[in-house]
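Trainee: Hi, have you got a few minutes to walk through a protein model with me? I'd like to learn how to read one.
Mentor: Sure, bring it up and we'll go through it together.

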Amino acid sequence: MTDNRCSDFPADCVQRAYLYLVRNVEVTGPPFTPSDAALMAFNPDEVTRLIGLQPTEAWYSGDPVPGTSRSRRFSSWTYGLPEVRNYITEEVVVSLLEAIEPYAGGIDTACRTLGMRAGIMVVITMHGDRNTADGGLHVSTAAITYTLQTLRRLAKLGVSVEHDQYVLLPD
């Protein structure tokens, strides 16, 4: 990994990536109807068994949401790496690929057997700062580019890639 960290700048960028599996169904929400929720429900333990990889987070539809009186509306299975300070999105994705590629056969089996699809979500949080000289805002954004080699690795796994981006600014 190159040293393209955010620590040299007052503005900051942190990223994390995770593999997720969901039912391969079309739903009308959000908000989700009860029939949508039933279509999206699955057994995360079965996903774990077929892939052979322990998730970092998983739950069943109907499980309680911690700290609330609500219940989970759908099932979830994810495997992710910790958040890192890095502007280079490809480096974050490549680290995840290195962790999950040994389980490619299991991911494919789970998708085919259980009617699921797999994807990688990259969550990017950029923190801005205010230039004290003129009060202007400064936000350094992530570099979201992929080499052909990385795109081929993603295609070989049969995963989609999504980017969820947040910009947090000071008052």
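**A contact between two side chains**

Mentor: Let's begin with one pair: the side chains of glutamate 90 and threonine 150 make a polar contact at 2.4 Å. Keep in mind that this is a predicted model.

Trainee: Okay! Where does glutamate 90 lie?
Mentor: Glutamate 90 is part of helix α3, which covers residues 89-100.

Trainee: And which helix does threonine 150 lie in?
Mentor: Threonine 150 belongs to helix α5, residues 148-157. That polar contact therefore links a side chain in α3 with a side chain in α5.

Trainee: Is glutamate 90 buried or exposed?
Mentor: Glutamate 90 has a relative accessible area of 13%, and the cut-off for buried is under 20%, so glutamate 90 counts as buried.

Trainee: What about threonine 150, buried or exposed?
Mentor: Threonine 150 is buried too, with a relative accessible area of 3%.

Trainee: Which residues does threonine 150 touch?
Mentor: Leaving out residues up to four places away in sequence, threonine 150 touches Glu90, Val93, Val94 and Leu97.

Trainee: Now from the other side, what does glutamate 90 touch?
Mentor: With the same neighbours in sequence left out, glutamate 90 touches Thr145, Tyr146, Thr147 and Thr150. Also, its C-alpha atom is 9.9 Å from that of alanine 142, although the two residues are 52 apart along the chain.

Trainee: Let's switch to helix α2. Which of its residues are buried?
Mentor: In α2, residues 44-51, the buried ones are Pro44, Val47, Thr48, Leu50 and Ile51. They cover an arc of only 170° around the axis, so they sit on the same side of α2.

Trainee: What do those buried residues pack against?
Mentor: Their partners are β1 (12-23), β2 (57-59), β3 (76-80), α4 (104-114) and β5 (116-127).

Trainee: And what caps the N-terminal end of α2?
Mentor: Asparagine 43 does: one of its side-chain oxygens lies 2.8 Å from the backbone nitrogen of aspartate 45. Just after α2, glycine 52 has a positive phi of about 85°.

Trainee: You mentioned β3. Which strand is tyrosine 79 found in?
Mentor: Tyrosine 79 is in β3, and it is buried, with a relative accessible area of 16%. Among the residues it touches are Tyr18, Leu19, Leu53 and Leu96.

Trainee: New topic: how much space lies in the largest pocket?
Mentor: About 530 Å³. The elements giving two or more residues to its lining are β1, β2, β3 and β5.

Trainee: Which element gives the most?
Mentor: That's β1, with 6 residues. The whole lining has 23 residues, and Tyr20, Val22, Phe74, Ser75 and Ser76 lie nearest the pocket's centre.

Trainee: How many lining residues are nonpolar, polar or charged?
Mentor: The lining divides into 13 nonpolar, 5 polar and 5 charged residues.

Trainee: Last one, zooming out: how many helices and strands are there in the protein?
Mentor: There are 5 helices and 8 strands. Starting at the N terminus, they run β-α-α-β-β-β-α-α-β-β-β-α-β. The C-alpha trace spans about 60 × 40 × 25 Å along its principal axes, and buried residues make up 38% of the 171 residues.

Note on methods. Residues numbered from 1 in each chain as written. Predicted model: local features only at pLDDT ≥ 70, side-chain atom pairs only at ≥ 80, totals over all residues. Heavy atoms only, no water. Helix = DSSP H or I, 4+ residues; strand = E, 2+ residues; numbered from the N terminus. Buried < 20%, exposed > 50% of the residue type's maximum accessible area, 1.4 Å probe, protein only. Contact = heavy atoms within 4.5 Å. Polar contact = N/O pair within 3.5 Å; in protein donor to acceptor, adjacent residues only side chain to side chain. Arc of directions from axis to C-beta. 1 Å grid on protein atoms, 1.4 Å probe; cavity = no way out; pocket = protein on both sides within 12 Å on 5 of 7 lines; lining within 4 Å. Points joined across faces, edges and corners; volume = space filled by probe spheres on them. Nonpolar A, V, L, I, M, F, W, Y, C, P; charged D, E, K, R; others polar.
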